[in-house]
Amino acid sequence: MVSIYFLMLLVMFNHNVRVSMSISTVNIAAILDLNTASGRAAKWSLHLALNHLNGTMNDSRLNLTIQESGGDVGNVLQVFRSEAVAILVQDPKILKFMAPIAEAVDVPILSLSGTASGSRSSVSSTVPSKFDDMKAIAAMVAYFQWKEVIVLYEDEEFWLSGVNALSEALEQQGGKKIYQAAALSSQADQVRKTLQELTNTSCVRAFIVYTSVDVALNMFLIAHKLNMITEGYAWVVTDSIASSVNSLNSSSLNTMQGIVGVKRLLTPQSTELREKLKLDSSDDGVNRIGIQAYTSLKLVANAISSLISQNKTVAYNEEIPDTDFPASLKVLTGGKLLIQKINSFKSDAEIHDYEIINVVGEKSYRKIGLWKNEKGRLQSIRKETDKLGAIIWPPGDTAQTPNGYRRILVGKIVGNFSEFIGRFSGFTNDTFEAAVKALPYNLPFVYEAFDKGNSTLSTYDAFVTELIDRKRFDAVVGDSTILWNRSKYVDFSQPYSQTGLVMMVPITRVGGKAGIFLRPFTAGLWAVSGAFFVFTAFLVWLMEHHDNEEFSGKITQQIITSLTLSVSAFVFAYKEDVKSAMGKGIVATWLFIALILNNSYTAHLTSILTVEKLAPALTNMNSLTTSKIKVGYMNNSFARDYLMHDLNIPKERLVPLNSPQDYVEKLMSGEVGAIVDENPYVQIVKSLYPCAKIAVVDRGFFDTGGLGFFFRKGSPFLADISEAVLNISEQHNVVESIRSKWFGQRTSCPEFDSGVESNTSAISPAHLWTLFVFTASVYAITALIHIGRKLHQRRDRGRVRSDYNIYGWDHAQSSDEEGGEKGEKKNKKKGRLKEKIPGGNKKEGKENVQGWKKEELLDKVKQKLPGNHKNEEEKYYSE
């Protein structure tokens with residue numbers, strides 16, 4: 001719907017005039033603001049273009065009507081009286097007003113300042129796309145490593161479309177973004193209010209100004225009074241402002257010292273046209289409007305000539321547009337065809353580059369680099385490098401590139417351990433400052449000590465509240481533990497120190513124990529050694545009891561002899577005579593084992609007996625639950641909640657501690673029986689008091705994420721600080737220099753170290769498994785060989801006995817012949833044996849009997865066997 005004022009004016013334009021393209025006159029209208037230099041330059045260029053073009057259009061002539069806007073949109077409607085088939089518009093505001101009307105009646109409009117986003121199909125322009133401006137701006141943002149920017153623009157659709165284009169261009173530059181877009185008006189009070197709000201509520205200090213020159217000058221004047229054109233601020237202006245810097249007076253330039261801008265360069269064709277039009281204004285923006293006016297009129301003339309040559313007609317008729325407009329408004333038949341023809345003739349072949357300027361001094365600016373549209377990157381003026389020239393930043397006397405943010409406020413927790421973080425310095429402070437120095441850009445910051453006041457929360461949790469609710473701090477530097485419940489509210493950097501809960505307890509001297517001689521070996525090793533002891537005795541008996549009289553006799557005597565040999569061999573004092581080769585091999589192997597076991601046992605037992613041991617009173621945190629001792633913890637630490645809620649230790653048994661000295665005194669006096677704290681703090685206590693009789697136990701019982709720096713959710717500095725922390729953590733010399741500065745060289749107490757019981761365990765089978773595997777293999781192979789030989793001997797003996805049976809030595813047959821005379825023959829045999837035993841010596845008699853039996857049997861065998869069996873009978877008796 002149009003305004004009532006607009007509807008009243010339309011009544012004035014009720015014409016029934018038909019205009020044909022074949023007639024000699026073609027009406028063109030231009031709406032210019034002749035009160036500006038740009039408007040006057042456009043008027044000059046249009047008249048020159050009219051003279052040049054009318055001589056080239058055959059039988060047709062262009063008739064130009066210039067309507068002065070004068071800032072009043074009502075006057076622009078007069079262009080419809082001229083029956084213009086095309087309208088040229090200078091002011092974006094007029095363009096916005098005229099666009100829907102022109103689209104309703106199909107009249108083409110050409111903008112001399114560029115088209116607005118989402119503009120009507122009837123609007124065209126020869127001005128290069130504003131997206132090129134924004135790509136150059138985005139490249140600068142990436143070059144200066146700014147993560148976020150604030151855009152200041154005029155509250156009009158034309159300027160808002162440029163903000164959208166900038167947002168797209170920034171996204172293409174690695175995820176850079178617009179932190180906030182603020183619209184500016186021409187009212188000074190409103191501009192002041194907007195700038196003050198941005199300063200107070202935002203930490204971003206990089207501004208992109210995308211407005212007209214007049215609005216920009218007013219804004220810079222106010223910003224200068226608000227001390228926003230000072231160190232730490234960065235200002236970048238677009239081509240709409242940078243192109244007019246040459247024409248500004250010294251007073252205006254004084255408020256813009258140190259700003260950077262992008263200025264579109266004229267193409268060779270535009271430069272030639274400027275000379276042709278004799279445009280010599282010091283304001284490049286003015287010259288550019290004149291060039292655009294000439295180019296636009298030429299574009300319309302070419303489109304009309306093309307339609308005439310094709311016998312096409314464009315004319316006003318009585319058709320009423322299908323809109324809410326009154327019937328007095330007529331449609332331009334063929335207007336859409338003319339619009340299509342204009343767009344087809346419009347050439348985008350010309351690629352516009354930009355130069356980067358820096359406003360310094362009271363006269364003009366310096367050229368510091370270029371942005372090449374074809375390559376999409378910045379480069380120096382000499383085109384040798386990708387770096388811009390030296391830039392002077394606000395207030396016009398500093399070369400330090402702003403980081404795009406104000407000086408961040410870093411809250412600092414003054415901890416109980418000044419070595420870690422004190423009021424002015426500490427390990428944490430130095431680590432944070434080293435990380436900031438490792439950043440690729442400058443990050444100014446200031447510390448502010450935090451006092452939680454009357455808060456019932458711990459200092460660390462209260463700090464989290466400050467970050468979330470009040471947004472008082474940008475970051476927190478302290479010995480802050482990375483915990484899951486805190487990560488829901490704040491972001492953490494990479495940990496700069498690994499940590500976890502450990503327990504510190506007093507140590508006592510260990511007196512002698514009755515079973516101390518068993519401690520060198522584990523129960524497993526004692527069992528394995530005993531098994532080999534018994535197995536060795538068995539193998540020796542197995543190989544010796546047939547042929548060695550010392551291993552014969554009653555079964556109990558054989559067991560005692562075998563076990564005695566194992567024991568005496570273990571102490572290298574055995575006297576038993578081992579005759580077989582395999583038995584000697586078993587004994588030799590057992591001696592080798594005994595040597596190893598003896599030496600290991602002696603060394604370990606000597607260590608136990610010669611050093612007076614110290615042992616911790618408690619060995620694990622779980623014992624705190626069942627005991628009644630009091631437990632200390634660092635004041636304000638999360639360890640208190642862990643002890644109460646996870647280990648179920650009553651609050652009455654918990655004692656807060658405040659310093660390393662407090663730790664040692666409370667432990668030594670017995671006021672607390674144990675202290676549960678994070679490992680870094682415990683190590684500080686150990687380094688400060690190396691001879692204190694305290695021990696650290698149960699390491700790794702509860703691991704945390706380590707110590708890190710707190711940041712607000714979504715902080716732009718988090719990723720860079722984390723990367724810097726990782727960087728310095730890999731530089732061993734940097735880490736050690738900071739550590740040694742605050743914790744000193746690692747010291748120890750010789751007297752204490754020599755007496756502290758280590759965690760070295762007794763010798764177990766795992767330490768000697770190769771020895772036992774080797775010994776078992778030797779024993780098994782030896783036993784198998786021995787058993788195989790015995791089986792072979794038994795088989796040979798059975799074959800000889802079979803031969804004896806063939807030749808009459810069958811025992812069963814002799815029994816049959818004996819018959820009833822069995823008793824008598826037996827008595828006679830005994831009598832003969834007694835006669836052969838001399839002197840009644842039983843032993844000697846036994847040997848004589850055995851000899852007699854052998855000789856008698858041999859004679860009988862010789863009588864029975866043929867000659868070829870003599871070897872068999874000798875073999876039998878030899879066995």
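Visitor: What makes up the area that the chain exposes?

Guide: In this predicted model, the chain exposes about 44100 Å², of which carbon and sulfur atoms supply 51%; accessible areas come from the Shrake-Rupley method with a 1.4 Å probe, and for residues only the protein chains shown count as cover. Local features need pLDDT of at least 70 and side-chain atom pairs count only at pLDDT 80 or more, whereas totals for chains, interfaces and linings use all residues. Residues are numbered from 1 along each chain as its sequence is written, and side-chain values use heavy atoms, with hydrogens and water left out.

Visitor: Why is the pair of Phe-533 and Trp-590 called tilted?

Guide: Rings of Phe, Tyr and Trp (its six-membered ring) pair if their centres lie within 6.5 Å, and planes under 30 degrees apart count as stacked, over 60 as edge-to-face and the rest as tilted. The centres of Phe-533 and Trp-590 are 6.4 Å apart and their planes stand at 55°, so the pair is tilted. A search of the whole structure finds 25 aromatic pairs.

Visitor: How do you know whether Phe-533 is buried or exposed, and what does Trp-590 count as?

Guide: Buried means under 20% relative accessible area, exposed over 50%, and partly exposed in between (1.4 Å probe, protein chains only). Phe-533, with a relative accessible area of 22%, is therefore partly exposed, while Trp-590, at 1% relative accessibility, counts as buried.

Visitor: Why is strand 18 described as largely enclosed?

Guide: Strands are DSSP runs of E with at least two residues, and helices are runs of H or I with at least four, numbered from the N terminus. Seven of the seven residues of strand 18 (residues 475-481) are buried, so the rest of the structure largely encloses this strand.

Visitor: What makes strand 18 a partner of strand 16 and of strand 26?

Guide: Two strands pair if DSSP finds at least two bridges between them. Strand 16 (residues 408-412) runs parallel to strand 18 and is joined to it by three bridges, whereas strand 26 (residues 707-711) pairs with strand 18 in the antiparallel sense over four bridges.

Visitor: How do you know that the charged end of Lys-412 sits over the ring of Tyr-447?

Guide: A charge sits over a ring if NZ of Lys or CZ of Arg is within 6 Å of the ring centre and within 35 degrees of the ring normal. The charged end of Lys-412 is 4.9 Å from the centre of the Tyr-447 ring and sits over that ring.
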